[in-house]
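Me: Hi! I'm new to this one and would love a quick walk through it. Can we look at it together?
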Amino acid sequence: MVIVHGGPTGQARTDLSFKVQWWTSRGFAVLDVNYRGSTGFGRAYRAALDGQWGVLDVQDCCRAVQGVIEQGLVDPQRCVIRGSSAGGLTVLSALARSDLFVAGTSLYGVTDLRALAEETHRFEARYLDGLVAPWPEEEAVYLARSPLSWPEKITAPVLFLHGDADRVVPLSQGQALQKQLPASSLHVYPGEGHGFRDAGVIADSLARELAFYRDVFAGRRG
């Protein structure tokens, strides 16, 4: 399992992670990727993602899993990828651009960068300008980097998990793409915002995701 952190300039930490332990205790090898742009590795590493969100993060996640496959550390027929928020965009882009992953999960993930730019508050407007391109002058770049623009490229099964009270990445983003992906499903959590908070919802989302992967693996064996 490749885990893509959000941000996108966040960080996959090396200290104890119960999220990682939840998956390793169920038999998954976990690769928690600090792709270019992640914080904690110096200014140059962080700045490498400027203008390249949706490109370099995707490349790094794919190269990372390709590396462990080449080393014989994982089963190449059972590699999956999951990510939340900005990481959801990376997940969907990786599924579209490679055949390394047999399935992916987008948790309240970005599918439409143009809508994100239009809806984001003024404080973060320049943040997107730096990570993607100046808005609205370079609208074409936002469209080209958005999974919603090329649903036909995503053929692997996808699970969408989203809250209906999300004001950062509205539920409509997940709904719009999911409707165009035959091998996909969407589960909506009433009252949940950007990032699940309720313990019952967190437990349910993990159980649903695990069941999703098991169904995918079982189908491949069949």
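Me: What is the order of the strands in the open sheet?
Reply: Happy to help! This is a predicted model. Its open sheet has six strands, ordered β2-β1-β3-β4-β5-β6, and the pairing is parallel.
Me: Which are the edge strands?
Reply: Those are β2 (31-33) and β6 (184-189), since each one pairs on one side only. On average, neighbouring strands of the sheet are turned by 15° against each other, ignoring direction.
Me: How many bridges join β5 to β6?
Reply: Six bridges link β5 (residues 158-163) with β6, and the two strands run parallel. One example is Phe160, whose bridge partner in β6 is Leu186.
Me: Switching to helices: which strands does α4 lie across?
Reply: Helix α4 (residues 86-97) lies across β1 (2-4), β3 (80-84), β4 (103-107) and β5. Relative to β3, α4 runs at about 150°.
Me: And how many residues of α4 are buried?
Reply: Eleven of its twelve residues are buried, so α4 is largely enclosed by the rest of the structure. Among them are Gly87, Leu89, Val91 and Leu95.
Me: What about Glu209, buried or exposed?
Reply: Glu209 counts as buried because its relative accessibility is 0%, and buried means under 20%. You'll find Glu209 in helix α9 (residues 199-221).
Me: Which residues is Glu209 in contact with, leaving aside neighbours within four places in sequence?
Reply: Glu209 is in contact with Met1, Trp23, Arg82, Thr105 and Leu159.

Definitions and conventions. Residues numbered from 1 in each chain as written. Predicted model: local features only at pLDDT ≥ 70, side-chain atom pairs only at ≥ 80, totals over all residues. Heavy atoms only, no water. Helix = DSSP H or I, 4+ residues; strand = E, 2+ residues; numbered from the N terminus. Buried < 20%, exposed > 50% of the residue type's maximum accessible area, 1.4 Å probe, protein only. Contact = heavy atoms within 4.5 Å. Pairing = 2+ DSSP bridges. Axes fitted to C-alpha atoms, helices over the stretch in contact; angles between N-to-C directions.
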